[in-house]
Amino acid sequence: MAYQKTEKVKKKIENKKESIIKAAKEVLANESYSATSIKSIAKKAGIATGTFYLYFSNKEKLVETIVDEMYAKLLDSIKKERAKHEQVIDKLQASMEATIRLFAKEQHLAKILLVQIPSLNHAFNRKLDEIEKELIKLTLADLKELTDQGKLPKQDIQISAMAFVGSFRQVMISWLREGEPKNIEEAYQTLIQYNLRGLGKS
């Protein structure tokens, strides 16, 4: 008869997993991705190195979990910000603003996830592409509604959505990699106005 985990055991396993993830974030906040070791994460979490492998097969799987968690947090933040507005154009702006604010709040982690890791691991590039595609999909729906309402001129909204999201990603990457622009929230205001003019919004 197969062993059935009790709710108490399941909760204990989940808590331990969360403590490892929390420890990894703290270590990554002070180290580069390459310099971060499983040993240092285990030490921070207060567990034996061997115990780490009961929860994650390797460092990449752990960081993939962190990426998924950040992605879920981003989508939740976007939904909450969009829910505050009735006008589609405001919802469109809210999506990008929520993205900028989350990455600005977790700048070091964002730098690791968006700059360091993609240059070392192609699998993470695919993960980031998935995130970007979801943002494009959301933007595409907004642009379709705006053009259908006559609030934007007729255009290839697929291309427009890709350009809209792509410009934000480019500025974000530059900010994380080079420190330019210095103030990302001020840059957001300029970027949103630039994009709206490009879409034909007067």
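# Reading helices, crossings and ring pairs

Me: Pro 181 lies in the loop between α8 and α9; which residue does a cis peptide bond join to Pro 181?

Reply: As a general idea, most peptide bonds are trans. In this structure, a cis peptide bond joins Glu 180 to Pro 181, and its omega is about 0°. Keep in mind that this is a predicted model, in which local features need pLDDT of at least 70 and side-chain atom pairs count only at pLDDT 80 or more, while totals for chains, interfaces and linings use all residues. Residues are numbered from 1 along each chain as its sequence is written, and side-chain values use heavy atoms, with hydrogens and water left out.

Me: How many helices and strands are there in the chain?

Reply: Elements are DSSP runs numbered from the N terminus, with helices being H or I of at least four residues and strands E of at least two. The chain holds nine helices and zero strands, and from the N terminus on its elements read α-α-α-α-α-α-α-α-α. Along the principal axes, the C-alpha atoms fill a box of roughly 65 × 45 × 30 Å. Of the 202 residues in the chain, 39% are buried (under 20% relative accessible area, with exposed meaning over 50% and partly exposed in between, for a 1.4 Å probe and protein chains only). Where contacts (heavy atoms within 4.5 Å) join residues at least 6 apart in sequence, 66% of them link residues at least 24 apart.

Me: At what angle do helix α5 and helix α9 pack?

Reply: An axis is a line fitted to C-alpha atoms, for helices over the stretch in contact, and angles run from 0 to 180 degrees between N-to-C directions. Helix α5 (residues 88-105) and helix α9 (residues 184-199) pack at about 150°, with their axes 11 Å apart. The two helices are therefore roughly antiparallel to each other (over 145 degrees, where under 35 counts as roughly parallel, 65 to 115 as roughly perpendicular and the rest as oblique). The crossing of α5 and α9 is right-handed, meaning that the near helix is turned clockwise from the far one by less than a right angle, whereas an anticlockwise turn would be left-handed. On the α5 side the contact involves Ile 89, Leu 92, Gln 93, Met 96, Glu 97, Ile 100, Arg 101 and Ala 104, which meet Ile 184, Glu 185, Tyr 188, Ile 192, Leu 196 and Leu 199 of α9. By class, these residues divide into ten nonpolar, one polar and three charged (Ala, Val, Leu, Ile, Met, Phe, Trp, Tyr, Cys and Pro count as nonpolar, Asp, Glu, Lys and Arg as charged, and the others, Gly among them, as polar).

Me: How do the axes of α4 and α5 cross, and what is the angle between α1 and α4?

Reply: The axes of helix α4 (residues 59-82) and α5 come within 8 Å and cross at roughly 140°, which makes α4 oblique to α5. This crossing is right-handed. Residues that make the contact include Met 70, Leu 74 and Ile 78 of α4, together with Leu 92, Ala 98 and Phe 103 of α5, and the contact as a whole has eight nonpolar, three polar and four charged residues. For helix α1 (residues 7-28) and α4, the axes come within 10 Å and cross at roughly 90°, so that α1 is roughly perpendicular to α4. Here Glu 18, Ile 20, Ile 21, Ala 24, Lys 25 and Leu 28 of α1 meet Leu 62, Thr 65, Ile 66 and Glu 69 of α4, a set that divides into six nonpolar, one polar and three charged.

Me: How many aromatic pairs does a search of the whole structure find?

Reply: Rings of Phe, Tyr and Trp (its six-membered ring) pair if their centres lie within 6.5 Å, and planes under 30 degrees apart count as stacked, over 60 as edge-to-face and the rest as tilted. The search finds four such pairs. Phe 164 and Phe 168 form a tilted pair, 5.4 Å centre to centre with 45° between the planes; being four residues apart in helix α8 (residues 157-178), they are separated by about one helical turn. Phe 168 also forms a tilted pair with Tyr 188, at 6.1 Å centre to centre and 45° between the planes. Since Phe 168 lies in helix α8 and Tyr 188 in helix α9, the pair ties together parts that are 20 residues apart in sequence. Both Phe 168 and Tyr 188 are buried, and Phe 164 is buried too. Elsewhere, ring pairs link Phe 52, Tyr 53 and Phe 56 into a cluster.

Me: Is Asp 142 buried or exposed?

Reply: Asp 142 has its place in helix α7 (residues 122-148), and it counts as buried because its relative accessibility is 4%. Leaving aside neighbours within four places in sequence, Asp 142 is in contact with Arg 82, Val 88, Lys 91 and Leu 92.
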